[in-house]
Amino acid sequence: MFVDKAKIFIKSGDGGNGCTSFYTEKYVNNGGPDGGNGGTGGRVGFRAVKNKSTLADFKYAKHFRAENGENGRSRYSAGKCGKDLIIDVPVGTVIRDEESGSIIADMFEDGMIVIADEGGRGGKGNAFFKSSRRQAPHFSQAGEKTQEHAVTLELKTIADVGLIGYPNVGKSTILSVISAARPKIASYHFTTLSPNLGMVTAYDESFVVADIPGLIDGASEGAGLGHDFLRHIERTRLLVHVIDASGSEGRDPVEDYLAINRELAGYDASLAEKPQIVVLNKADMMTDFSVEDKIRALGADEVLTMSAVQHSGVDELIKAMYRELKKLPEIKPLEYEPFTFARPDKESFEIVRADDGSFELFGGMIDELARNVVLDNYDSMKYFQRRIKESGIDKALKKAGAKDGDTVRIMDIEFEYFE
(Lines give C-alpha, C1' and ligand atoms only; values in the text may rest on other atoms or scores of the structure.)
Protein backbone atom coordinates (compact mmCIF):
# COMPACT_ATOMS: atom_id res chain seq x y z
CA MET A 1 0.00 0.00 0.00
CA PHE A 2 1.38 3.40 -0.99
CA VAL A 3 0.70 6.23 1.47
CA ASP A 4 2.36 9.61 0.95
CA LYS A 5 0.60 11.72 3.59
CA ALA A 6 -0.08 10.96 7.24
CA LYS A 7 -0.98 12.71 10.48
CA ILE A 8 0.61 11.44 13.68
CA PHE A 9 0.94 12.54 17.30
CA ILE A 10 4.28 12.82 19.07
CA LYS A 11 5.08 13.37 22.74
CA SER A 12 8.47 13.65 24.35
CA GLY A 13 9.02 12.08 27.77
CA ASP A 14 8.08 13.79 31.03
CA GLY A 15 10.89 14.73 33.34
CA GLY A 16 11.35 12.57 36.44
CA ASN A 17 10.50 13.94 39.88
CA GLY A 18 13.20 15.01 42.30
CA CYS A 19 13.58 12.93 45.45
CA THR A 20 13.03 14.07 49.03
CA SER A 21 15.36 11.98 51.15
CA PHE A 22 17.69 12.26 54.16
CA TYR A 23 20.83 10.27 54.67
CA THR A 24 20.40 7.69 57.40
CA GLU A 25 22.96 5.28 58.78
CA LYS A 26 23.66 3.72 62.11
CA TYR A 27 25.63 6.01 64.40
CA VAL A 28 25.22 8.92 61.98
CA ASN A 29 23.06 11.75 63.29
CA ASN A 30 21.65 14.52 61.10
CA GLY A 31 22.87 13.01 57.87
CA GLY A 32 21.28 15.78 55.86
CA PRO A 33 19.30 15.86 52.62
CA ASP A 34 20.50 13.47 49.91
CA GLY A 35 17.61 13.41 47.40
CA GLY A 36 18.77 13.20 43.79
CA ASN A 37 17.43 14.98 40.73
CA GLY A 38 14.94 13.42 38.30
CA GLY A 39 16.07 12.40 34.83
CA THR A 40 15.29 14.34 31.67
CA GLY A 41 12.52 12.89 29.49
CA GLY A 42 13.39 11.29 26.15
CA ARG A 43 13.30 13.34 22.97
CA VAL A 44 11.32 12.59 19.81
CA GLY A 45 13.17 12.77 16.50
CA PHE A 46 12.93 11.64 12.88
CA ARG A 47 15.49 9.80 10.73
CA ALA A 48 15.46 9.64 6.92
CA VAL A 49 16.06 6.15 5.52
CA LYS A 50 16.34 5.24 1.84
CA ASN A 51 14.94 1.71 2.25
CA LYS A 52 11.44 3.13 2.87
CA SER A 53 9.34 4.49 0.01
CA THR A 54 5.93 4.99 1.63
CA LEU A 55 4.32 6.30 4.81
CA ALA A 56 2.18 3.17 5.16
CA ASP A 57 3.71 2.50 8.59
CA PHE A 58 1.76 5.51 9.87
CA LYS A 59 -1.66 4.53 8.53
CA TYR A 60 -2.61 2.79 11.78
CA ALA A 61 0.23 3.60 14.20
CA LYS A 62 -0.59 7.19 15.12
CA HIS A 63 0.80 7.89 18.60
CA PHE A 64 4.53 7.96 19.34
CA ARG A 65 5.82 8.66 22.83
CA ALA A 66 9.36 8.82 24.15
CA GLU A 67 10.33 7.34 27.50
CA ASN A 68 9.82 9.37 30.68
CA GLY A 69 12.78 10.30 32.86
CA GLU A 70 13.13 8.26 36.04
CA ASN A 71 12.58 9.80 39.47
CA GLY A 72 15.57 10.76 41.56
CA ARG A 73 16.63 8.49 44.42
CA SER A 74 18.34 8.77 47.77
CA ARG A 75 22.10 9.10 48.22
CA TYR A 76 22.26 11.81 45.55
CA SER A 77 21.32 9.31 42.85
CA ALA A 78 19.94 11.05 39.79
CA GLY A 79 17.17 9.37 37.86
CA LYS A 80 18.04 7.87 34.47
CA CYS A 81 17.17 10.01 31.47
CA GLY A 82 14.38 8.72 29.24
CA LYS A 83 15.37 6.97 26.02
CA ASP A 84 14.98 9.04 22.85
CA LEU A 85 12.42 7.88 20.29
CA ILE A 86 13.69 8.11 16.69
CA ILE A 87 11.02 7.57 14.01
CA ASP A 88 12.17 6.32 10.59
CA VAL A 89 10.62 8.04 7.56
CA PRO A 90 11.39 7.81 3.82
CA VAL A 91 13.94 10.19 2.31
CA GLY A 92 12.01 13.17 0.95
CA THR A 93 9.50 13.40 3.80
CA VAL A 94 8.53 16.92 4.84
CA ILE A 95 7.44 17.18 8.49
CA ARG A 96 5.09 19.99 9.48
CA ASP A 97 3.39 21.22 12.63
CA GLU A 98 -0.24 20.31 12.02
CA GLU A 99 -1.65 23.42 13.70
CA SER A 100 0.42 26.12 11.98
CA GLY A 101 1.54 24.27 8.85
CA SER A 102 5.13 25.38 9.53
CA ILE A 103 7.95 23.07 8.45
CA ILE A 104 9.78 21.26 11.24
CA ALA A 105 12.16 19.40 8.93
CA ASP A 106 12.78 18.41 5.32
CA MET A 107 14.26 14.90 5.51
CA PHE A 108 16.29 15.33 2.36
CA GLU A 109 19.31 13.06 2.87
CA ASP A 110 19.63 9.41 3.86
CA GLY A 111 20.64 9.07 7.52
CA MET A 112 19.62 12.63 8.41
CA ILE A 113 18.27 12.95 11.99
CA VAL A 114 16.20 15.88 13.27
CA ILE A 115 15.00 16.25 16.86
CA ALA A 116 11.43 17.55 16.74
CA ASP A 117 10.51 17.71 20.44
CA GLU A 118 12.75 18.03 23.49
CA GLY A 119 12.06 16.03 26.64
CA GLY A 120 10.81 17.52 29.90
CA ARG A 121 13.39 18.68 32.42
CA GLY A 122 13.86 16.59 35.52
CA GLY A 123 12.90 18.01 38.92
CA LYS A 124 15.51 18.93 41.53
CA GLY A 125 15.94 16.75 44.59
CA ASN A 126 15.88 18.22 48.09
CA ALA A 127 19.70 18.16 48.22
CA PHE A 128 19.63 20.90 45.57
CA PHE A 129 17.61 23.22 47.85
CA LYS A 130 19.96 22.95 50.82
CA SER A 131 21.48 26.28 51.88
CA SER A 132 23.10 27.86 54.91
CA ARG A 133 19.68 29.08 56.07
CA ARG A 134 17.77 25.97 54.99
CA GLN A 135 19.69 22.99 56.29
CA ALA A 136 16.98 20.36 55.95
CA PRO A 137 14.56 21.08 53.07
CA HIS A 138 11.66 18.63 53.20
CA PHE A 139 10.59 19.28 49.62
CA SER A 140 11.76 18.57 46.09
CA GLN A 141 10.71 19.62 42.60
CA ALA A 142 8.35 17.75 40.29
CA GLY A 143 9.51 16.87 36.79
CA GLU A 144 8.38 18.97 33.85
CA LYS A 145 5.35 17.57 32.01
CA THR A 146 5.34 17.68 28.20
CA GLN A 147 2.50 18.17 25.73
CA GLU A 148 1.45 15.98 22.83
CA HIS A 149 1.78 17.57 19.38
CA ALA A 150 0.14 16.72 16.07
CA VAL A 151 2.44 16.67 13.03
CA THR A 152 1.83 15.87 9.37
CA LEU A 153 4.20 13.82 7.24
CA GLU A 154 4.22 14.51 3.52
CA LEU A 155 6.35 12.43 1.15
CA LYS A 156 7.74 14.21 -1.91
CA THR A 157 9.72 11.89 -4.15
CA ILE A 158 13.30 13.04 -4.80
CA ALA A 159 14.30 12.32 -8.42
CA ASP A 160 16.24 14.08 -11.14
CA VAL A 161 13.67 13.36 -13.85
CA GLY A 162 9.90 12.90 -13.64
CA LEU A 163 7.94 11.02 -16.30
CA ILE A 164 4.54 12.69 -16.58
CA GLY A 165 1.47 12.27 -18.79
CA TYR A 166 -2.00 10.79 -18.99
CA PRO A 167 -2.63 7.21 -17.83
CA ASN A 168 -1.64 4.43 -20.21
CA VAL A 169 0.71 6.49 -22.40
CA GLY A 170 3.66 4.17 -21.69
CA LYS A 171 5.55 5.86 -18.85
CA SER A 172 6.11 2.61 -16.93
CA THR A 173 7.27 0.87 -20.11
CA ILE A 174 9.75 3.68 -20.79
CA LEU A 175 11.11 3.41 -17.22
CA SER A 176 11.54 -0.34 -17.64
CA VAL A 177 13.61 0.04 -20.84
CA ILE A 178 15.85 2.91 -19.70
CA SER A 179 16.62 1.46 -16.27
CA ALA A 180 16.62 -1.76 -14.28
CA ALA A 181 13.29 -0.86 -12.63
CA ARG A 182 10.48 -3.35 -13.11
CA PRO A 183 7.22 -1.48 -12.59
CA LYS A 184 3.87 -3.18 -13.07
CA ILE A 185 2.80 -2.77 -16.71
CA ALA A 186 -0.65 -3.43 -18.18
CA SER A 187 -2.91 -1.89 -20.81
CA TYR A 188 -5.39 -0.29 -18.45
CA HIS A 189 -5.61 3.02 -16.62
CA PHE A 190 -3.82 3.52 -13.32
CA THR A 191 -1.59 0.45 -13.44
CA THR A 192 0.83 2.70 -11.52
CA LEU A 193 -0.59 3.93 -8.21
CA SER A 194 2.67 5.13 -6.67
CA PRO A 195 5.88 6.67 -8.04
CA ASN A 196 8.39 4.09 -9.27
CA LEU A 197 12.07 4.98 -9.27
CA GLY A 198 14.76 3.78 -11.65
CA MET A 199 18.48 4.48 -11.91
CA VAL A 200 19.58 5.41 -15.43
CA THR A 201 23.24 5.29 -16.50
CA ALA A 202 24.67 7.52 -19.22
CA TYR A 203 28.37 8.12 -19.96
CA ASP A 204 29.42 6.45 -16.67
CA GLU A 205 27.14 8.78 -14.70
CA SER A 206 23.80 7.96 -13.10
CA PHE A 207 20.59 9.86 -12.41
CA VAL A 208 17.22 8.94 -10.90
CA VAL A 209 14.01 8.86 -12.97
CA ALA A 210 10.57 8.68 -11.36
CA ASP A 211 7.49 7.31 -13.09
CA ILE A 212 4.77 9.64 -11.77
CA PRO A 213 1.27 8.04 -11.79
CA GLY A 214 -0.95 9.26 -14.62
CA LEU A 215 -2.65 12.63 -14.28
CA ILE A 216 -6.25 13.34 -15.32
CA ASP A 217 -8.22 16.47 -16.12
CA GLY A 218 -8.86 18.45 -12.94
CA ALA A 219 -5.87 16.94 -11.13
CA SER A 220 -4.67 20.38 -10.02
CA GLU A 221 -8.04 20.86 -8.30
CA GLY A 222 -7.76 17.52 -6.53
CA ALA A 223 -9.66 15.36 -9.02
CA GLY A 224 -8.81 11.68 -8.65
CA LEU A 225 -5.47 11.49 -6.87
CA GLY A 226 -4.29 14.69 -8.52
CA HIS A 227 -2.64 16.45 -5.60
CA ASP A 228 -1.08 13.21 -4.41
CA PHE A 229 0.54 12.69 -7.83
CA LEU A 230 1.50 16.31 -8.52
CA ARG A 231 3.27 16.56 -5.16
CA HIS A 232 5.94 14.14 -6.40
CA ILE A 233 6.82 16.35 -9.39
CA GLU A 234 7.88 19.28 -7.20
CA ARG A 235 11.33 17.86 -6.41
CA THR A 236 12.32 16.93 -9.97
CA ARG A 237 14.78 18.96 -12.06
CA LEU A 238 13.52 17.88 -15.47
CA LEU A 239 10.18 16.64 -16.78
CA VAL A 240 9.77 14.09 -19.55
CA HIS A 241 6.27 14.65 -20.90
CA VAL A 242 5.09 11.37 -22.43
CA ILE A 243 2.29 11.55 -25.01
CA ASP A 244 0.47 8.74 -26.80
CA ALA A 245 1.27 9.82 -30.36
CA SER A 246 -0.99 7.11 -31.82
CA GLY A 247 -4.16 8.44 -30.19
CA SER A 248 -5.00 4.84 -29.27
CA GLU A 249 -6.99 6.03 -26.24
CA GLY A 250 -9.23 8.15 -28.42
CA ARG A 251 -7.57 11.41 -27.35
CA ASP A 252 -5.86 14.08 -29.45
CA PRO A 253 -2.07 14.07 -28.71
CA VAL A 254 -1.82 17.86 -29.10
CA GLU A 255 -4.72 18.47 -26.72
CA ASP A 256 -3.11 16.02 -24.26
CA TYR A 257 0.05 18.11 -24.31
CA LEU A 258 -1.86 21.31 -23.60
CA ALA A 259 -4.09 19.75 -20.95
CA ILE A 260 -1.25 18.29 -18.86
CA ASN A 261 0.59 21.61 -18.93
CA ARG A 262 -2.58 23.35 -17.75
CA GLU A 263 -2.77 20.95 -14.80
CA LEU A 264 0.87 21.65 -13.90
CA ALA A 265 0.31 25.41 -13.96
CA GLY A 266 -2.94 25.06 -12.02
CA TYR A 267 -1.20 23.24 -9.19
CA ASP A 268 1.96 25.36 -9.04
CA ALA A 269 3.19 27.84 -11.65
CA SER A 270 6.79 26.74 -11.04
CA LEU A 271 5.96 23.23 -12.31
CA ALA A 272 4.90 24.59 -15.69
CA GLU A 273 8.22 26.41 -15.92
CA LYS A 274 10.34 23.29 -15.38
CA PRO A 275 12.35 22.20 -18.46
CA GLN A 276 10.52 19.55 -20.49
CA ILE A 277 11.43 16.94 -23.03
CA VAL A 278 8.33 15.89 -24.95
CA VAL A 279 8.27 12.22 -25.93
CA LEU A 280 5.84 11.04 -28.60
CA ASN A 281 5.53 7.39 -27.57
CA LYS A 282 3.86 4.53 -29.46
CA ALA A 283 5.34 5.82 -32.70
CA ASP A 284 4.97 2.36 -34.18
CA MET A 285 1.18 2.95 -34.26
CA MET A 286 1.27 6.64 -35.19
CA THR A 287 -0.88 7.68 -38.17
CA ASP A 288 -0.75 11.49 -37.97
CA PHE A 289 2.86 12.48 -38.63
CA SER A 290 2.17 16.19 -38.22
CA VAL A 291 1.86 15.86 -34.39
CA GLU A 292 5.54 16.59 -33.82
CA ASP A 293 5.43 19.83 -35.84
CA LYS A 294 2.24 20.96 -34.09
CA ILE A 295 3.73 20.46 -30.61
CA ARG A 296 6.96 22.22 -31.62
CA ALA A 297 4.82 25.13 -32.84
CA LEU A 298 3.31 25.36 -29.33
CA GLY A 299 6.76 26.11 -27.89
CA ALA A 300 8.15 22.70 -26.90
CA ASP A 301 11.95 22.95 -26.73
CA GLU A 302 12.74 19.33 -27.53
CA VAL A 303 10.45 16.71 -29.04
CA LEU A 304 11.50 13.07 -29.46
CA THR A 305 9.67 10.23 -31.18
CA MET A 306 10.02 6.70 -29.80
CA SER A 307 8.41 3.31 -29.34
CA ALA A 308 9.19 1.96 -25.88
CA VAL A 309 7.68 -1.43 -26.75
CA GLN A 310 10.06 -1.82 -29.71
CA HIS A 311 12.97 -0.17 -27.82
CA SER A 312 13.16 2.42 -30.60
CA GLY A 313 14.54 5.85 -29.64
CA VAL A 314 15.67 4.71 -26.17
CA ASP A 315 19.30 5.85 -26.53
CA GLU A 316 18.21 9.21 -27.91
CA LEU A 317 15.98 9.79 -24.86
CA ILE A 318 18.72 8.85 -22.38
CA LYS A 319 21.22 11.17 -24.09
CA ALA A 320 18.68 14.01 -24.20
CA MET A 321 17.93 13.67 -20.46
CA TYR A 322 21.67 13.57 -19.69
CA ARG A 323 22.33 16.75 -21.75
CA GLU A 324 19.51 18.66 -20.07
CA LEU A 325 20.47 17.59 -16.56
CA LYS A 326 24.04 18.80 -17.12
CA LYS A 327 22.62 22.31 -17.62
CA LEU A 328 20.44 22.26 -14.51
CA PRO A 329 21.38 22.83 -10.83
CA GLU A 330 21.30 19.93 -8.39
CA ILE A 331 18.17 19.23 -6.36
CA LYS A 332 18.21 21.19 -3.11
CA PRO A 333 16.20 20.82 0.10
CA LEU A 334 13.42 23.28 0.82
CA GLU A 335 14.36 26.70 2.13
CA TYR A 336 12.51 27.35 5.39
CA GLU A 337 12.83 28.64 8.93
CA PRO A 338 12.73 25.49 11.10
CA PHE A 339 9.72 25.41 13.41
CA THR A 340 10.27 24.43 17.03
CA PHE A 341 7.62 23.70 19.62
CA ALA A 342 7.55 26.43 22.24
CA ARG A 343 9.06 25.67 25.62
CA PRO A 344 7.15 26.90 28.69
CA ASP A 345 7.81 30.57 29.46
CA LYS A 346 8.81 30.54 33.11
CA GLU A 347 8.48 34.30 33.55
CA SER A 348 4.97 35.04 32.26
CA PHE A 349 1.74 35.07 34.23
CA GLU A 350 -1.80 36.35 33.74
CA ILE A 351 -4.42 37.44 36.26
CA VAL A 352 -8.10 36.88 35.46
CA ARG A 353 -11.05 38.12 37.57
CA ALA A 354 -13.56 35.27 37.94
CA ASP A 355 -17.34 35.69 38.09
CA ASP A 356 -17.36 35.11 41.86
CA GLY A 357 -14.93 38.01 42.42
CA SER A 358 -11.87 35.84 43.01
CA PHE A 359 -8.58 36.24 41.15
CA GLU A 360 -7.13 33.35 39.12
CA LEU A 361 -3.49 33.15 38.05
CA PHE A 362 -2.28 31.38 34.89
CA GLY A 363 0.94 31.16 32.90
CA GLY A 364 4.36 29.58 32.70
CA MET A 365 5.58 31.07 35.96
CA ILE A 366 2.54 29.67 37.78
CA ASP A 367 3.14 26.19 36.33
CA GLU A 368 6.77 26.38 37.39
CA LEU A 369 5.81 27.44 40.93
CA ALA A 370 3.42 24.50 41.16
CA ARG A 371 6.33 22.16 40.39
CA ASN A 372 8.36 23.60 43.26
CA VAL A 373 5.83 23.92 46.07
CA VAL A 374 4.80 21.37 48.66
CA LEU A 375 1.86 22.90 50.54
CA ASP A 376 2.28 21.06 53.80
CA ASN A 377 5.95 21.97 54.13
CA TYR A 378 6.97 25.14 55.95
CA ASP A 379 10.21 25.66 54.01
CA SER A 380 8.48 25.09 50.70
CA MET A 381 5.74 27.60 51.50
CA LYS A 382 8.32 30.20 52.54
CA TYR A 383 10.03 29.67 49.18
CA PHE A 384 6.66 30.07 47.47
CA GLN A 385 5.87 33.32 49.28
CA ARG A 386 9.29 34.73 48.46
CA ARG A 387 8.86 33.92 44.77
CA ILE A 388 5.42 35.59 44.76
CA LYS A 389 7.05 38.81 45.97
CA GLU A 390 10.16 38.61 43.81
CA SER A 391 8.18 37.96 40.64
CA GLY A 392 5.86 40.92 41.18
CA ILE A 393 2.72 38.80 41.42
CA ASP A 394 1.62 40.52 44.63
CA LYS A 395 1.94 43.97 43.02
CA ALA A 396 0.10 42.79 39.93
CA LEU A 397 -2.74 41.49 42.11
CA LYS A 398 -3.01 44.85 43.88
CA LYS A 399 -3.04 46.63 40.51
CA ALA A 400 -5.80 44.27 39.34
CA GLY A 401 -7.94 45.39 42.30
CA ALA A 402 -7.28 42.71 44.90
CA LYS A 403 -8.10 43.73 48.50
CA ASP A 404 -7.51 42.11 51.87
CA GLY A 405 -9.55 38.94 52.24
CA ASP A 406 -10.08 38.38 48.48
CA THR A 407 -9.64 34.83 47.22
CA VAL A 408 -6.69 34.07 44.96
CA ARG A 409 -6.53 30.79 43.03
CA ILE A 410 -3.27 29.33 41.81
CA MET A 411 -3.82 26.01 40.04
CA ASP A 412 -6.13 24.08 42.40
CA ILE A 413 -5.01 26.01 45.48
CA GLU A 414 -6.92 28.86 47.11
CA PHE A 415 -5.34 31.63 49.21
CA GLU A 416 -6.58 34.76 50.93
CA TYR A 417 -4.94 37.95 49.71
CA PHE A 418 -3.30 40.24 52.30
CA GLU A 419 -1.06 43.23 51.62
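Q: What makes the stretch that holds aspartate 106 a strand?
A: Aspartate 106 lies in strand E6, residues 103–107. Strands here are DSSP runs of E with at least two residues, numbered from the N terminus. This is a predicted model, in which local features need pLDDT of at least 70, side-chain atom pairs count only at pLDDT 80 or more, and totals for chains, interfaces and linings use all residues. Residues are numbered from 1 along each chain as its sequence is written, and side-chain values use heavy atoms, with hydrogens and water left out.

Q: Why is aspartate 106 called buried?
A: Buried means under 20% relative accessible area (1.4 Å probe, protein chains only). Aspartate 106 has 2% relative accessibility, so the residue counts as buried.

Q: How do you know that a polar contact joins the side chains of aspartate 106 and arginine 235?
A: A polar contact is a pair of N or O atoms within 3.5 Å; within protein, one must be able to donate a hydrogen and the other to accept it, and residues adjacent in sequence count only if both atoms are side-chain atoms. The two side chains are joined at 2.5 Å, which fits that limit. The aspartate 106 side chain also reaches the backbone nitrogen of leucine 334, at 2.9 Å.

Q: What makes E10 and E11 paired strands?
A: Two strands pair if DSSP finds at least two bridges between them. Strands E10 (residues 196–202) and E11 (residues 205–211) run antiparallel and are joined by 7 bridges, so they pair. They form a hairpin with 2 residues between them, and tyrosine 203 in the turn has a positive phi of about 50°.

How values were computed. Helices (H or I, at least four residues) and strands (E, at least two) are DSSP runs, numbered from the N terminus. Buried means under 20% relative accessible area, exposed over 50%, partly exposed in between (1.4 Å probe, protein chains only).
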